[in-house]
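The following exercises are to be worked through with the sequence and the coordinates at hand. Each task is followed by a solution in steps.

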Amino acid sequence: MSGEIYYAAAGMGRKVRAKALVASDGFSARYDLDRIRGVFSRPEHKLAGESYQGRVLVLDAAKGGVATAWMLHEMASRGVMPAALVLNRANPIMVQGAALADFTMISGFDVDITHAIPNGAEVEIDPTAQRPFIRVI
Amino acid sequence: MKLNDEEIALRAGELGPLRQWAIAHQIKVGDYLGARDFVAVGQAHIMADTESLGAAGVDWLERWAALPAEHRLVRIPTITDPRGTDFAHAAQLKQQPWMLDLERRAIAAFEALGVLMTDTCINYQTIMPPVRGEHMAYGDTGVVIYSNSVCGARSNFEGGPSALSAGLTGRTPRYGYHLDERRLATFLVELSWTPRELSDWGALGGVVGRLAGDYSQVPALLGLDRVPSADQLKHFGAALASFGSVALFHMVGVTPEAMRLEDVVPAGTSLKTHDVGEVDIRALQARYAKDVDAVDVVVFSAPQLSLVEIRTLAAMLDGRRATIPLFAVTSPQVKPDCDRMGLTARIEAAGGTVLSGMCFYQSYAREIAEANGWSRLATNSAKLTNILGGYGYRPVLLPMEQCVAAACAGGKLT
């Protein structure tokens, strides 16, 4: 698996290297997170109870309401946030939130990225490349 | 993105630094999502409760609000989603002074930017419903899905920063539901049962939302045995958007772009069909009710209640007494009518509270739960049920009458 590279349809933000936190589940800052404690808090979420601080979140699809557009900026201001977000399918809110917060995000793959990246793997993301990618180190 | 002369001037800062930031933000978003160019919009609607903004977001707004008027004012009608409090009832909710201070600062900043503080998520019922084909930059997923589907307007989900940008530039990137080709159905739902209760309409939205799964999906529903009311469509759409991140649905023979199935499913297209019936709706409701035999608080909110919903609630409470907290949340436009028509007084006489201009889940839901000792909550809103689990609640989705019965029985569910 080491060295495996997966190209995304789109990306924004900076290069990031960190450990991946992976699940076949959705993502919404309002619905899923206790943003003060920095953990997934919705009981039904597959990452319930897990800390997202400093991790590259590899998840299926953006979910929920519009609040994430502000919340990523608020999370960044307190330094309690993921290192990056990697999604099979983004929605406009995630893109808008990442744009405001200057947050690293890539999305849109030929494979199900939640199955391709092992949970806990060290990964590198480069959204600035001509073809944005995530690579398992 | 292809820019015209005015957009190039905006990007160069010729119309001030705030508009320069706004167009740059929009270009960044548009580039990511594949927009070719911009489209002019008629209104913008900003979701910006202070739980979402945080102190950092309010500071950010205040910096822009300090600019000279010619550089800071929105250029199209720009309105707001519910705020994080009803100041008249903040003490009852046990909201903290710092929350109210943040709210006051955010309101002052938005007013300085020329934003109309409508504080509502039912603007399509109370302010100015959009017209079919009209391009908008609406925040609040419930507003977007109702406006797109029931009114035939054209909007994507526009989070607060993007809606504010649209207000300042008068345009938005042309992607997603601004495009004809994105408005066709992507799957079909054949209904064998048509809901009646609002809670059942919301549960149907939840079921279809889970089938949809992401923002690109557009369900078309068939098999309804009657035309739903505006409130029923409101609850259905809000839940569909909440559970599925869906921004547009069609109901064949009901919604304006789908008078016939062929209108949204071009000839030769084969789409997957899901059969959905009462058993699916009861299953979604039962999952929330599991192991909950009593509740601490009853809340009607998300979306804000219409005058008709408030009237129904008042009639249910006549001659009864709520012995646990019961909150009904409506818009600042509906509330004066409730007061004038005696509906507020009837609800308050029965021990309930009518809140105005806020939404329960946007009002520091976790903190007020801890301050009041609330954990188990009954509501007829599927959207609220979907959201509150993450805030530490155990929500139960019930018809309004059963919620009222619980409130009048010390919280005990029957």
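Two strands pair if DSSP finds at least two bridges between them; helices (H or I, at least four residues) and strands (E, at least two) are DSSP runs, numbered from the N terminus. The model is predicted, so that local features need pLDDT of at least 70 and side-chain atom pairs count only at pLDDT 80 or more, while totals for chains, interfaces and linings use all residues. Residues are numbered from 1 along each chain as its sequence is written, chains are lettered from A and ligands numbered from 1 in the order in which they are written, and side-chain values use heavy atoms, with hydrogens and water left out.

**Exercise 1. Determine the strand pairing around strand 13 of chain B, and the handedness of the crossover that leaves this strand.**

Step 1. Strand 13 (residues 376-379) of chain B pairs with strand 14 (residues 394-397) of chain B in the parallel sense, over four bridges. In this pairing, Thr379(B) has Leu397(B) as its bridge partner.

Step 2. The path from strand 13 of chain B to strand 14 of chain B passes through helix 18 (residues 382-388) of chain B, and this β-α-β crossover is right-handed. The term applies if, with the strands pointing away from the viewer, the path from the first strand over the helix to the second runs clockwise.

Step 3. Strand 13 of chain B also pairs with strand 10 (residues 297-305) of chain B, in the parallel sense over two bridges. Here Val297(B) stands opposite Leu377(B).

**Exercise 2. Give the strand order of the open three-stranded sheet in chain B, and identify its edges.**

Step 1. The order is 3-2-4, with parallel pairing.

Step 2. Strand 3 (78-80) and strand 4 (137-138) of chain B each have a single partner strand, so one side of each is left without a neighbour in the sheet.

Step 3. Strand 2 (residues 44-46) of chain B pairs with strand 4 of chain B over two bridges, and Ala44(B) stands opposite Ala137(B).

**Exercise 3. Characterise the interface of chain A and chain B.**

Step 1. Counting contacts (heavy atoms within 4.5 Å), 37 residues of chain A meet 43 residues of chain B.

Step 2. The buried area is about 3200 Å², and carbon and sulfur atoms give 62% of this. Buried area is the accessible area (1.4 Å probe) that two parts lose on being put together, summed over both. On the side of chain A, Arg30(A), Tyr31(A) and Trp70(A) lose the most area to chain B, together 27% of what that side buries.

Step 3. The rule for salt bridges (a side-chain nitrogen of Lys or Arg within 4 Å of a carboxyl oxygen of Asp or Glu) finds five across the interface. Among them is the pair Asp34(A) and Arg366(B), at 3.7 Å, N to O.

Step 4. Over all chains the salt bridges number 38. Arg35(A) and Glu51(B) form one at 2.6 Å, N to O. Arg35(A) lies in the loop between strand 4 and strand 5 (39-40) of chain A and Glu51(B) in helix 3 (residues 50-65) of chain B, so the pair joins two chains.

**Exercise 4. Locate two backbone features of chain B: a cis peptide bond and a positive phi.**

Step 1. The cis bond joins Ala302(B) and Pro303(B), with omega about 0°. Pro303(B) belongs to strand 10 of chain B.

Step 2. Ser245(B) has a phi near 60°. Ser245(B) is found in the loop between helix 11 (230-244) and strand 8 (250-251) of chain B.

Step 3. For context, most residues other than glycine have a negative phi, and most peptide bonds are trans.
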